[in-house]
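The exercises below go through one protein model. Each task sentence is followed by a solution in steps.

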Amino acid sequence: QTVSQTPAQLGGALLNDGNGNQWALVFSGKLDARKLGTKGDGATYDSKAIQAAINAVEPFNGTVFCAATSSFYLLEASNVAKSWPLLPSGALSASTACLIIPRGVALTGEKGTHLRCEDGTLSLIILDNGTDASITNMRISNNYTVTGGAGHGILQLTDGLDENVKNLELSKLMIEDVGSYGIGLQYGRHENVSIKNVTTLNTGSDGIDTKARQSSGGDDISNIIENFRSFNAGLRFPSGGIAGADIRGQWNINNVYCQLSVDGSTGLRLRPSDGTANNVAKRTNVNNITVETPSNSTTSTKGLSLQGRECNVSNINVDNCNTSLEFQGSGGGELAYNMNIANFTSTNAREYGIDSTVSASNISFVNTTITDMAATATAMIRVEGDNFNFVNTTYDNSISTVYSVSSGANPTINRSNDSPT
């Protein structure tokens with residue numbers, strides 16, 4: 001330990017020795033937040049103490065540990081003086097969140113650790129860039145379902161739109177009852193970002209959103225999502241348009257389960273660029289994904305919505321959605337091309353097993369099974385795009401129309417080894 005020169009150097013993390021001296025921690029390990037006064041009793045606000053611990057370890061790229069308690073760590077609005085730019089204009093203040101985690105800092109817990117806010121307008125955690133940072137081993141929750149608001153679970157921001165964001169880890173997390181994204185990666189070029197063993201429950205918007213907004217459109221590379229589960233995404237958007245996982249950039253995605261309960265919601269969506277996100281789902285690989293809509297009263301759901309380019313999606317199971325898999329696009333930059341789909345199974349689709357728009361092209365299907373279509377369904381496969389290739393397609397006689405082409409469309413469809421059952 002060394003005597004602190006000024007309180008500012010500590011970022012507010014002051015340790016008193018009882019003789020009027022203030023000390024700074026100098027170490028390279030883990031700081032238990034209880035050392036700075038956290039209670040975890042569900043009644044005492046712990047944000048400032050946890051933030052003081054974060055500030056204390058920041059110079060050493062250290063770790064803050066929040067032990068499990070019989071209740072939870074109650075969080076309130078941050079008093080950190082910081083803001084980040086937003087697109088297309090404006091800024092977001094740190095006061096809209098509870099905790100701010102800078103580069104290089106790890107926040108971790110253990111089984112039973114629970115951080116909670118009871119103001120749905122606040123985000124729980126903002127990652128300031130996120131490079132070499134991590135959040136692991138904890139449950140974080142808000143009170144959105146009672147109080148409303150649009151706060152996020154974990155929101156990543158940058159000072160400049162084209163900053164590099166590297167080596168971020170988010171793992172072993174339960175994120176629930178938040179008004180917007182469970183996890184939102186908003187700005188910068190992401191590289192070696194790892195999201196593993198995460199569950200989102202009751203999110204106002206997407207469970208995971210990798211928007212990756214940039215000004216120059218550089219590629220995100222070598223990022224991983226593994227063992228992700230989303231339940232009830234899109235509660236704030238009853239008209240739809242929300243996904244359990246909404247992906248731009250380059251990602252390797254393995255083992256995903258999405259349960260849909262909101263009209264018009266989607267399990268997994270691979271996205272194109274748009275007016276505020278100069279990025280696209282490109283060379284993304286998705287393996288082993290299950291999407292289902294348990295309730296027949298939930299309408300217009302989609303298992304997968306695919307745009308972007310050069311993506312591979314395999315081992316897909318979709319049950320009881322309006323459309324099991326769609327290639328969406330308006331033709332105005334929203335394209336889906338050079339995609340490979342393997343081992344796709346659709347059951348109980350209500351309108352289409354596979355649907356495409358005219359802006360989809362060069363799409364390959366191998367080993368497709370479509371069965372148990374709803375009696376009111378339109379077709380098992382509707383193609384409007386060009387150069388669709390189907391190899392080893394199996395379907396039953398639940399409806400009479402297998403392949404359908406919309407009026408005015410002139411697609412090229414290549415088929416081999418169709419197997420009606």
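Two strands count as paired if DSSP finds at least two bridges between them. The model is predicted.

**Exercise 1. Which residue in β11 is the bridge partner of Leu 75, and how do the strands on either end of that pairing run?**

Step 1. Take strand β6, residues 73–75, which pairs with β11 in the parallel sense over 3 bridges. The cut-off of at least two bridges is met by these 3 bridges.

Step 2. Find the partner of Leu 75 in β11: this is Cys 117.

Step 3. Continue to strand β13, residues 134–141, which also pairs with β11 in the parallel sense, over 3 bridges. Here Leu 115 has Ile 140 of β13 as its bridge partner.

Step 4. Check the side chains of β11, residues 114–117. His 114 and Arg 116 point one way, while Leu 115 and Cys 117 point the other way. Are these four residues buried or exposed? All are buried, with buried meaning under 20% relative accessible area.

**Exercise 2. Trace the pairings on the two sides of β25.**

Step 1. Start from strand β23, residues 251–259, which pairs with β25, residues 285–292, in the parallel sense over 7 bridges. Within this pairing, Asn 252 stands opposite Asn 285 of β25.

Step 2. Move on to strand β28, residues 312–319, which runs parallel to β25 and is joined to it by 7 bridges. Asn 287 stands opposite Ser 314 in β28.

Step 3. Recall the general basis of such pairing: strands of a sheet pair through backbone hydrogen bonds, either parallel or antiparallel.

**Exercise 3. Give the strand order of the open sheet of 12 strands and name its edges.**

Step 1. The order is β9-β12-β14-β17-β20-β22-β24-β26-β29-β31-β33-β35, and the pairing is parallel.

Step 2. The edge strands are β9 (97–101) and β35 (403–404), since each of them pairs on one side only.

Step 3. At the β9 edge, the neighbour is strand β12, residues 123–128, with parallel pairing over 4 bridges. Ile 100 stands opposite Ile 126 in β12.

**Exercise 4. Which residues have the most contacts inside the largest nonpolar core, and which helix gives the most to it?**

Step 1. The largest nonpolar core has 87 residues. Those with the most contacts inside it are Leu 107, Ile 154, Ile 195, Leu 304, Phe 327 and Phe 365.

Step 2. Helix α2, residues 47–57, gives the most to this core, with 6 residues. This helix is mostly covered, as 10 of its 11 residues are buried; among them are Ile 50, Ile 54 and Val 57.

Step 3. Look around Phe 365, leaving out residues up to four places away in sequence. Phe 365 touches Leu 325, Phe 327, Ile 341, Phe 344, Ile 354, Phe 388, Asn 389, Phe 390 and Val 391.

Step 4. A second, separate core has 11 residues, including Ala 97, Ile 126, Tyr 181 and Tyr 187.

**Exercise 5. Summarise the whole chain and its confidence values.**

Step 1. The protein has 3 helices and 36 strands. Of its 421 residues, 55% count as buried.

Step 2. Among contacts between residues at least 6 apart in sequence, 76% join residues at least 24 apart.

Step 3. The exposed area is about 15,800 Å², of which carbon and sulfur atoms supply 44%.

Step 4. The mean pLDDT is 89, and 88% of the residues reach 70 or more. Over residues 1–12 the pLDDT is below 50, and this stretch has 21 contacts in the model beyond near neighbours in sequence.

Methods:
Residues are numbered from 1 along each chain as its sequence is written. This is a predicted model: local features need pLDDT of at least 70, side-chain atom pairs count only at pLDDT 80 or more; totals for chains, interfaces and linings use all residues. Side-chain values use heavy atoms; hydrogens and water are left out. A nonpolar core is a set of buried Ala, Val, Leu, Ile, Met, Phe, Trp, Tyr and Cys residues joined through side-chain atoms within 4.5 Å. Buried means under 20% relative accessible area, exposed over 50%, partly exposed in between (1.4 Å probe, protein chains only). Contact means heavy atoms within 4.5 Å. pLDDT is the predictor's confidence in each residue, from 0 to 100. Accessible areas come from the Shrake-Rupley method with a 1.4 Å probe; for residues, only the protein chains shown count as cover.
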